[in-house]
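Q: Could you take a close look with me at one part of this model? I'd like to go through its salt bridges.

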2 protein chains.
Amino acid sequence: MSILVNQSSVLGPELTDDVEVALLSAVDDDHGGVIVELKEPMDPAAFHTSLRASISNWKKQGIKGAWIKLPIQLANLVEACVKEGFWYHHAEPSYLMLVCWLPNTEHTIPVNASHRVGVGAFVMNDKREVLVVQEKNGILRGLGLWKFPTGVVEQGEDIHAGVIREVKEETGVDTEFIEVLAFRQSHKSFFGKSDLFFVCMLRPLSHDIYPQELEIEAAQWMPVEEYAAQPLVQKHELLKYILDVGMAKIDKSYSGFSPVSAKAPFSGSQGHLYLNSRDLNLPRTVNMS
Amino acid sequence: MSILVNQSSVLGPELTDDVEVALLSAVDDDHGGVIVELKEPMDPAAFHTSLRASISNWKKQGIKGAWIKLPIQLANLVEACVKEGFWYHHAEPSYLMLVCWLPNTEHTIPVNASHRVGVGAFVMNDKREVLVVQEKNGILRGLGLWKFPTGVVEQGEDIHAGVIREVKEETGVDTEFIEVLAFRQSHKSFFGKSDLFFVCMLRPLSHDIYPQELEIEAAQWMPVEEYAAQPLVQKHELLKYILDVGMAKIDKSYSGFSPVSAKAPFSGSQGHLYLNSRDLNLPRTVNMS
């Protein structure tokens, strides 16, 4: 019996138990594993047969981790993968990544992303007014709290770029990045995932405010004493710490972390190292790109 | 025609187009949406019919985001969700979370986790020897580099706890957390996800080394000059920065960030704020838990 499968995903035929079954096309990864990236539709039963034959073949070759990336259009192939012992590694809107460990040893599959990254902006002008907003939605709606602009960094976005973007989006104010003043790690903030929130000091480069319609009820420059006097700020330790570090920075007695660009030693990937450049006597903007 | 579905997931019957269809059991979330958490097996066709009726019902109620959590055992229900317009939000080994935005407006579904969090440990004893390892696997295998212990924080684990655990696991050495000296953000490190890597200073509380068999080829206390003289350390800017901040900290001219416990203002969730406690004149271990 010869089983027909979509030719675009066929590497070559192999005789298994007297049945000619097409193997799935796979590429090697850097860790002794293989990656199958399906793109074209397949009949689920034909896929299942090919998957079984491929697994058998991979085991003979000593393959460790086997990965299958299924675009969301091929959701009808998920079940066969799970039946053959694959589990979910991660998912994005457009695809699901499944993985399976073939040897009889403990797996060394890398973990999934575990943290969302948020940013908050301490922006003060030369009249000692801070840039504050009231939000239309979310947990603070209707509480009347004037708060610093905050947001979530986008996939692939640098922290120092994300915070400038968020301030611009929420208030229309242009800013320059100065430092990360502090950061906070918290857990179980969303579906068991954790948050890292970076409090950043920015210097304003423009004055006029244009609040974003969708998310922002109002925005203004507010004297910092008035911000600090709000009952909710007085009451909450975290907000007081953030105010304290911001004011200590303004008064030049506090040093946070600023970014220098630094390649990864072996992969060569670009990135930014955030460190206390004042204590290292580095010029603050050196190497930043 | 009456369609039978698993009773455990039935909220109640509703008449739709003269057909009595069981609706999916759902709970409200805090943002005007609903969450369906399926636990028991269902016939895929019956599930599909119930899902359609439920979506129609949710739309009438003005529901915004609809979430469906499918345990991996129910992989045969994924296809029906996708056919009805759901997309993947995130996945963990044991489940897949799908989501759909019902109104005709831009969605405000929160983003998925985007970063993995790694830690590296600068541990020096009173003879100015640093704790270093050689790894059995990965990109550094066979290069002969003696490097600081590193690892990935586990889900729900604090950075200051994760780095102590990694040092103990890789070398057997007990340590006390001092500070985050610096951190690095990089992108596209794994399946398009980003990394945040925290360089931490720890103080050793024990001396004897017991290298972990699975991952560590060798571990030792090495004079810091010898560590610094390695060609690979000399060559790589990032490794030199890390050495520089570590030595500046040892020589008391550098201040990194140390953790204070701080509740979130409104959700009340626990967490740690990492800040320059020296510049704020805070006792270093205050409030840390």
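Are A:E179 and A:K249 buried or exposed?

A: Happy to help! This is a predicted model, where local features need pLDDT of at least 70, side-chain atom pairs count only at pLDDT 80 or more, and totals for chains, interfaces and linings use all residues. Residues are numbered from 1 along each chain as its sequence is written, chains are lettered from A and ligands numbered from 1 in the order in which they are written, and side-chain values use heavy atoms, leaving out hydrogens and water.

Both A:E179 and A:K249 are buried, that is, under 20% relative accessible area, with exposed meaning over 50% and partly exposed in between (1.4 Å probe, protein chains only). Their side chains meet in a salt bridge, at 2.8 Å from N to O; the term means a side-chain nitrogen of Lys or Arg within 4 Å of a carboxyl oxygen of Asp or Glu. A:E179 sits in strand β11 (residues 175-190) of chain A and A:K249 in helix α6 (residues 237-250) of chain A, so the pair ties together parts 70 residues apart in sequence. Helices (H or I, at least four residues) and strands (E, at least two) are DSSP runs, numbered from the N terminus.

Another pair to look at is A:K193 and B:E92, whose closest N and O atoms are 2.4 Å apart in a salt bridge. Because A:K193 lies in strand β12 of chain A and B:E92 in strand β6 of chain B, this pair joins two chains. Both A:K193 and B:E92 are buried.

Over all chains, the whole structure has 32 salt bridges.
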